[in-house]
Amino acid sequence: MFNEPWRYVLQVKPYMITHKRMLDSDLESEMRLILNYTSNYNLRGKINRLVKGQSYKWRYFQSENPREISPIKNKSLHILYQQYVDEMI
């Protein structure tokens, strides 16, 4: 199989997690606040323009504005019609 088998030694070592990174809850909450602020006020384009000199307009880089989400976007036509009929009665 090998030309020189004496060069290869089979070692089996257990894969154990011995260290875990500590999380700073205050830092995580501050990061979440900043992320929510930038997404709620659509600041991603302005930040990209300041940092990189240009703003990306592609849909891949932009998240949907929560204020502009349509309440009927993911509902079927049948359900919408049934709600309309229920409101008229």
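**Exercise 1.** What pattern does the protein follow when read along the sequence?

*Solution.* The model is a predicted one, and its secondary structure comes to three helices and zero strands. Reading along the sequence then gives the pattern α-α-α.

**Exercise 2.** Determine which helix has the lowest mean pLDDT and which the highest.

*Solution.* Begin with the protein as a whole, which averages a pLDDT of 78, with 79% of the residues scoring at least 70. Turning to the elements, helix α2, residues 44-52, has the lowest mean pLDDT, at 76, whereas α1 has the highest, at 89. As a caution for reading, predicted coordinates should not be read in detail where pLDDT is low.

**Exercise 3.** Work out whether Glu28 is buried, partly exposed or exposed, and name the patch to which Glu28 belongs.

*Solution.* First locate the residue: Glu28 lies in helix α1, which covers residues 25-40. Its relative accessibility is 39%, and because partly exposed residues fall between the cut-offs of 20% and 50%, Glu28 counts as partly exposed. On the surface, Glu28 gathers with Asp24, Asp26 and Glu30 in a patch of negative charge.

**Exercise 4.** Identify the residues that make the nonpolar surface patch of about 340 Å², and place Ile47 in its helix.

*Solution.* The patch is made by Ile47, Leu50 and Val51. Of these residues, Ile47 is found in helix α2, and with a relative accessible area of 39% Ile47 is partly exposed.

**Exercise 5.** Describe the burial and the accessible surface of the whole protein.

*Solution.* Of the 89 residues in the protein, 7% are buried. The accessible surface comes to about 9,600 Å², and carbon and sulfur atoms account for 58% of that area.

Definitions and conventions:
Residues are numbered from 1 along each chain as its sequence is written. This is a predicted model: local features need pLDDT of at least 70, side-chain atom pairs count only at pLDDT 80 or more; totals for chains, interfaces and linings use all residues. Side-chain values use heavy atoms; hydrogens and water are left out. Helices (H or I, at least four residues) and strands (E, at least two) are DSSP runs, numbered from the N terminus. Buried means under 20% relative accessible area, exposed over 50%, partly exposed in between (1.4 Å probe, protein chains only). Accessible areas come from the Shrake-Rupley method with a 1.4 Å probe; for residues, only the protein chains shown count as cover. Patches are made of residues with over 30% relative accessible area and no salt bridge: like charges are joined within 9 Å, nonpolar side chains (Val, Leu, Ile, Met, Phe, Trp, Tyr) within 5 Å. A salt bridge is a side-chain nitrogen of Lys or Arg within 4 Å of a carboxyl oxygen of Asp or Glu. Lys and Arg count as positive and Asp and Glu as negative; His and the chain ends are not counted. The place of a charge is taken as NZ of Lys, CZ of Arg, CG of Asp or CD of Glu. pLDDT is the predictor's confidence in each residue, from 0 to 100.
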